[in-house]
Amino acid sequence: MKPPIVCHDWLVAECCVVAGAEGASSTRMSIDAHRHRRGPFTAAGGLIRALIDDANNSAPELVAAHLVTLLLVAPEIARCVQVPACVGQASAVSREGNPVAWMRRVANGAADFVLGCFERRGPGTVILTNVDYADPADQEFIVTLLRRGDPENLRLCICTASDRLMPPLAAALGQYARRRRQKPGTSKASEVPRAWAAWFEARGLNKGAAAVLWHDLSRYGARPAVPPRAHALERWLDDVMANLSAADRDTLARQHVNTDGASYRVLAEHVYRRSPAAARNAMHLARAASLAGLGEPSLALGAIPFHHEQAGGDAETLLAASRSCLDMACYEAALDWSVRGRRMLDRRRQDKTYGDLTRNMLFALLLLGRYDEVAGLCEDLLAHSADSALLAHATYAMAILNARLYERSRRDYDAAKSWIEKSQKFTEATPASPVQAVNAAFLMNTLALVEMRKGRAEIARQRLTEAIALMARSAPDLYRTESVILLHNMARLEVATGRADLAIGHLNTLLSQQPGDSAAWFDRGLIHQRAGRPDEALRDYDAAIRWEPAHAEAHFNRAQVLAALHRHDEAIETYGRVIVLQPDCSDARLNRAILLCERGDLVPARDEIEHAIQERPDDARVLCLQGLIEMRMGRHDAASAAFARSIEADPALADPWANRATIAFRRGDLRAAIHDLTRALALREDAAILCNRAKVFEAGRQWRKAAGDYSRARAVGSADNEAIDRGYRRCMEALRRTKSPIR
């Protein structure tokens, strides 16, 4: 398989300010991806905000199709697009608890919108700066754009300060982008004299930062003629600063603050650092207030809490940011704000803000799969905290670790039950409220999970029923949103115990409360699919996709149903959509290759199989299909080799034995063909394999054995009994003609 064509640009620039300013034009847009700007979706949200007005006018159907995702990533667009009530309700639902992999759907949904916009408006270039400082959620989006973006439609220029990047981003840039290093700017203000360049370099200043510093020195009339001989950089900057006016010093300090922690200007940062603490804090608070006045929610996930952190005041804005990020399933950002917020507070006080930050930190770690850190934090809380609510969370976390999250060999259901009972006691010690009732109901939900895992389904059902009743009785205002998880778990329990009709009833109730719950639509579709109700399954999968267009699993199952209905062209197209969304889904490639092969499109079928083999090089089914395609293309040596590898990978799979026999038969090697067909029949009694062996026996004039195989095939059953009967009669007639025993 050929590697992807290198198409985008990766600019490793020592100063992203210079990189971002390069080459601006009407067909380009430049967006700072630094997470201190707008949090986890700084880059994705920036692109969406830049495109939304044009898209709303020229492609409203594109906006409508992805509106739930767009509102998650760029909530500010609610000002300029019409948001139906059902979409608003779906957007308000907390995503806390969604798996980390869910972020791939968000990234693909945002990418669908961005790429669709550029397909309609014409080619363009997007420059993303500070990408090495982007949140992991934004980096997932950027990786998706790199993989899916056609440079003829959208060319990306990814700017990073170095090549020390997170592995997924580094891998995507290595595969889809052309790497280059940027030279310092060429304008007169940025031309650093050789002597000064050497002086700056000797003091650890890189070329990009030196160029920007030289520009600032020129701008403020502070450019010295020659470099000093022995000065340290800090001392020299102090001398420069002393020659600046008070107004210039104030301007530089404010400019540094207004970059929201993304400044590369050495002079501005130095002036800021030398300003009195009270002045610095006032500038940060003024900047935070100015941003808050814009009324743009994404700023509350980045710049606003950043400035409050720098001002050293209370941690409420950091707590709010961590809470919002948890609700968005942006767990890395939630953890970051929680840790930074706790760092601002006195641990000895442990007030409500500290407790809430700790709760968010605990659940972010849990959802990121950092289980040892969760256990360590719980141990610390149990040893030192007196906060009943926090202790309830810690004991719940230990319960869910032992009940569900640890690998199977490490799970301890008795320990989980004990932890739940402790959590129930701590929960009862908190003030009575609807939230307390919801927490108590979720503890009963976890207890039901333990009972289910211990094989006591009826007790689990009773616990869930009691939990739902408690929530309805004691938290009626929260019931509509909070009961969804309990109803979904009740449906899963009914499926597991073979009561699919009851499961559908629970899912119907759930969907009446939350019609935008794509997971519920998907699960109900799966029940219909397994029950042999393809039309109902398709309707539910279509609904799941309508609410979440990048739901790869729903597309995959939809393709399965279409294939079962013999709507093969639609199934091929739908499997193609799965591959766009999830290129490592080898099952989609395998199934698509099978359908393409049946349609006679052997070249694209072979391409899909080559991709699948990269993901699963030892998968016997994939190797067998590769052999089948090669055989149909007349490449018998390659086919035989593929079948041999398939047999080596799984000797108990009948198909490669049967298919390799076909090649042996065509080559005239009847003994080898009979050997492989006999092995295949030992693994699976199959009418087609029996008929094939009968034909080989016929070719060797072994009429009695051939007749016996035809007779066995008739008994096994086949759609082509007439052909079997003809073969049997042919052999019996040959026996009568020869009137001699057949060996």
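Two strands are said to pair if DSSP finds at least two bridges between them. Strands (E, at least two residues) and helices (H or I, at least four) are DSSP runs, numbered from the N terminus. Strand E2 (residues 28-32) and E3 pair in this sense, in parallel, over 5 bridges.

The model is predicted: local features need pLDDT of at least 70, side-chain atom pairs count only at pLDDT 80 or more, and totals for chains, interfaces and linings use all residues. Residues are numbered from 1 along each chain as its sequence is written, and side-chain values use heavy atoms, with hydrogens and water left out.

**Overall figures**

The chain has 39 helices and 5 strands. Its C-alpha atoms fill a box of roughly 120 × 70 × 50 Å, taken along the principal axes. Of the 743 residues, 50% count as buried; buried means under 20% relative accessible area, exposed means over 50%, and partly exposed lies in between (1.4 Å probe, protein chains only).

The exposed area of the chain is about 34,300 Å², of which carbon and sulfur atoms supply 51%. Accessible areas come from the Shrake-Rupley method with a 1.4 Å probe, and for residues only the protein chains shown count as cover. A contact is a pair with heavy atoms within 4.5 Å. Among contacts between residues at least 6 apart in sequence, 64% join residues at least 24 apart.

The chain carries 99 positive and 91 negative charges, and the mean positions of the two sets are 4 Å apart. Lys and Arg count as positive, Asp and Glu as negative, while His and the chain ends are not counted. Each charge is placed at NZ of Lys, CZ of Arg, CG of Asp or CD of Glu.

**The paired strands**

Strand E3 (residues 124-129) is joined to E4 by 5 bridges, and the two run parallel. Within this pair, Thr-125 stands opposite Arg-155 in E4, and Val-126 has Leu-156 of E4 as its bridge partner. From E3 the chain crosses through helix H8 (residues 136-148) to E4, and this β-α-β crossover is right-handed. Right-handed here means that, with the strands pointing away from the viewer, the path from the first strand over the helix to the second runs clockwise.

E4 also pairs with strand E1 (residues 8-12), in the parallel sense and over 4 bridges. There Asp-9 stands opposite Cys-157 in E4. On the E2 side of E3, Asp-32 has Thr-129 as its bridge partner.

Both E3 and E4 are covered. In E3, 6 of its 6 residues are buried. One side of E3 carries Gly-124, Val-126 and Leu-128, the other Thr-125, Ile-127 and Thr-129, and all of these are buried. Strand E4 (residues 154-160) has 6 of its 7 residues buried, so it is largely enclosed by the rest of the structure.

**Positive phi angles**

Most residues other than glycine have a negative phi. Asp-260, not a glycine, has a positive phi of about 60°. Asp-260 is found in the loop between helix H13 (246-257) and helix H14 (266-274), and is buried, with a relative accessible area of 3%. His-566 is also not a glycine and has a positive phi of about 65°. The loop that holds His-566 lies between helix H29 (552-564) and helix H30 (568-581). His-566 is exposed, at a relative accessible area of 64%.

**Separations in sequence and space**

The table gives C-alpha to C-alpha distances for three residue pairs.

| Pair | Separation in sequence | Distance in space |
|---|---|---|
| Ala-432 and Arg-599 | 167 residues | 65 Å |
| Ser-324 and Glu-96 | 228 residues | 9.5 Å |
| Asp-336 and Ser-322 | 14 residues | 7.7 Å |

Ala-432 lies in the loop between helix H22 (413-428) and helix H23 (434-453), where it counts as exposed at 73% relative accessibility. Ser-324 has its place in helix H17 (residues 316-327) and is partly exposed, at 30% relative accessibility. Asp-336 belongs to helix H18 (residues 331-344), and with 28% relative accessibility Asp-336 counts as partly exposed.
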